[in-house]
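I opened the model to look up one strand, its partners and the helix that packs nearby in my notes. The entries follow in the order in which I made them.

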Amino acid sequence: MTIFLFAGHGGTDSGAVGVNGRREADEAIRLRDRVKAYLPPNSGVSIDNNADPLREVLRKAQTGSGSVVLDIHFNAASSIASGCEVLIGDDAKQNDIDLATDILTALVKNLGIKNRGIKKESETPRKRLGMMRESGSVCLAEVCFISNKNDMAAYDKAFDSLARDIATVLVKHDAKAT
């Protein structure tokens, strides 16, 4: 079984640009790397390489039915939009929903911001998300709004505890898959 951690936009494009010029790609990489640091050395974690566009990340990913897949992103909108949410595929199974629920719980607990819930990919502006085609337990976390100074302050304050709790969730779901 393997844990796959992906940083949304992964450095190939900036993604959203928010408070004080912070780039979604940079924050997603930063959080991904901190989560990875909290995973046990034998957890079989696989990460993207910060250079490939999404289609190449998806081509290289070798997920399987026992995989645990988390794609890290940050939302953007007006400066007053706030909260965290987790996205699942339209064809999500119970294991996807369980993973999404635990990731959302970790986000809300650590950040103390609005819970925007679990949403299906068809409820997003893009309607279809490439990462949702991967195998295993799969979700995409919209950590907070990079465009909201209060969300980003909460994220900065809780950064380490959030990363630790996300790692704990991933290990739990990886153990369930074996």
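I looked up S6 and found nine of its nine residues buried, where buried means under 20% relative accessible area with a 1.4 Å probe and protein chains only; strands (E, at least two residues) and helices (H or I, at least four) are DSSP runs, numbered from the N terminus. I note that this is a predicted model, in which local features need pLDDT of at least 70 and side-chain atom pairs count only at pLDDT 80 or more, while totals for chains, interfaces and linings use all residues. Residues are numbered from 1 along each chain as its sequence is written, and side-chain values use heavy atoms, with hydrogens and water left out.

Next I listed the strand pairs, which require at least two DSSP bridges between two strands. S3 and S6 pair in the parallel sense over seven bridges, and Val-68 stands opposite Ser-137 in S6. S4 and S6 run antiparallel and are joined by three bridges, with Leu-140 in S6 as the bridge partner of Leu-87.

I then turned to helix H3 (residues 94–111), whose 18 residues should span 26 Å at 1.5 Å a residue (1.5 Å times one less than the number of residues); its end C-alpha atoms are 25 Å apart, which agrees. Among its buried residues I noted Leu-99, Ile-103 and Leu-107. The buried residues of H3 pack against S3, S4, S5, S6 and helix H4 (149–177), counting heavy atoms within 4.5 Å as contact. After H3 comes Gly-112, for which I read a positive phi, near 65 degrees.

Technical notes. Buried < 20%, exposed > 50% of the residue type's maximum accessible area, 1.4 Å probe, protein only.
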